[in-house]
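I opened this notebook to record what I looked up, one topic at a time, beginning with aromatic rings and ending at the surface.

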Amino acid sequence: MPLALQAFTTPANTLVIADTAASPGTLPTPAVFTPPSLISPAIDGSLAYIWSPNSASGQVVTFRSTFVIGGLPILNVALPISAFYAFAANGTATVTATLEVVNLLGIVVLSIPLFTESNGGNPQNVATASGDTLLGAGVLVGNTVRIVVDATVTAPVEVGYGTNPGRYLGEIIVHDII
């Protein structure tokens with residue numbers, strides 16, 4: 001299975017699209033890195049967690065990460081794709097992913113749900129999600145293929161919240177099966 005994409009959530013590919021601690025009219029905004037924590041689980045050795053620029057106890061934040069898949073061959077047959085997503089948060093996190101094909105005008109011409117998963121509120125574990133789909137070659141010609149992951153994360157409710165702000169980290173791995 002050739003690797004088509006491996007990437008982490010970063011401020012460059014992730015926007016905060018909803019935030020209960022944000023002022024009205026200030027969204028979307030880029031996510032920001034948070035300081036690494038010794039109690040956060042690492043994903044493939046990374047502790048590069050992100051969060052909203054706002055920080056409040058118990059806030060609920062929705063992140064939208066866009067991962068562009070490059071290097072997919074243009075074939076005359078269907079192209080199977082497998083996506084694997086690992087994520088962690090220090091609160092409850094639910095992720096939903098959609099594969100999208102976007103034409104040259106920026107219009108989504110195809111949208112395929114890939115997966116939905118939750119970490120069950122366990123801040124000590126890395127949760128995983130995966131999905132498979134087929135893309136027809138005609139869809140790939142001249143278009144961009146991307147995976148959009150929406151993650152809704154609830155920060156911990158605690159006294160002294162500033163010492164343990166909300167944090168979220170995701171890693172996507174996509175293989176094409178030839």
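Are Tyr-85 and Phe-115 buried or exposed? I kept in mind that the model is predicted, and I found that Tyr-85 and Phe-115 are both buried.

**Entry on ring pairs.** I looked up the aromatic pairs next, and the count comes to 4. For Tyr-85 and Phe-87 the ring centres lie 6.0 Å apart and the planes stand at 25 degrees, so I noted this pair as stacked, and I added that both Tyr-85 and Phe-87 are buried. For Tyr-85 and Phe-115 I read a distance of 6.1 Å between the ring centres and an angle of 25 degrees between the planes, so this pair is stacked too. The cut-off I needed for this step is that planes under 30 degrees apart count as stacked.

**Entry on chain position.** I then checked where the partners sit, and the pair of Tyr-85 and Phe-115 links distant parts of the chain, 30 residues apart. Tyr-85 belongs to strand S7, residues 79-89, while Phe-115 belongs to strand S9, residues 108-118.

**Entry on a cluster.** I also looked up aromatic clusters, and I wrote down one that is formed by Trp-51, Phe-63 and Tyr-168.

**Entry on the surface.** Finally I turned to the surface, where Leu-105, Ile-107 and Val-109 make a nonpolar patch of about 320 Å². I located Leu-105 in the loop between strand S8, residues 92-102, and strand S9. The relative accessibility of Leu-105 is 72%, so I entered this residue as exposed, the cut-off for exposed being over 50%.

Terms used: Residues numbered from 1 in each chain as written. Predicted model: local features only at pLDDT ≥ 70, side-chain atom pairs only at ≥ 80, totals over all residues. Heavy atoms only, no water. Phe/Tyr/Trp six-rings, centres within 6.5 Å; stacked < 30°, edge-to-face > 60°. Buried < 20%, exposed > 50% of the residue type's maximum accessible area, 1.4 Å probe, protein only. Helix = DSSP H or I, 4+ residues; strand = E, 2+ residues; numbered from the N terminus. Patch = residues over 30% accessible without salt bridge, like charges linked within 9 Å, V, L, I, M, F, W, Y side chains within 5 Å. Areas by Shrake-Rupley, 256 points an atom, 1.4 Å probe, with all protein chains shown as cover. Salt bridge = Lys/Arg side-chain N within 4 Å of Asp/Glu carboxyl O.
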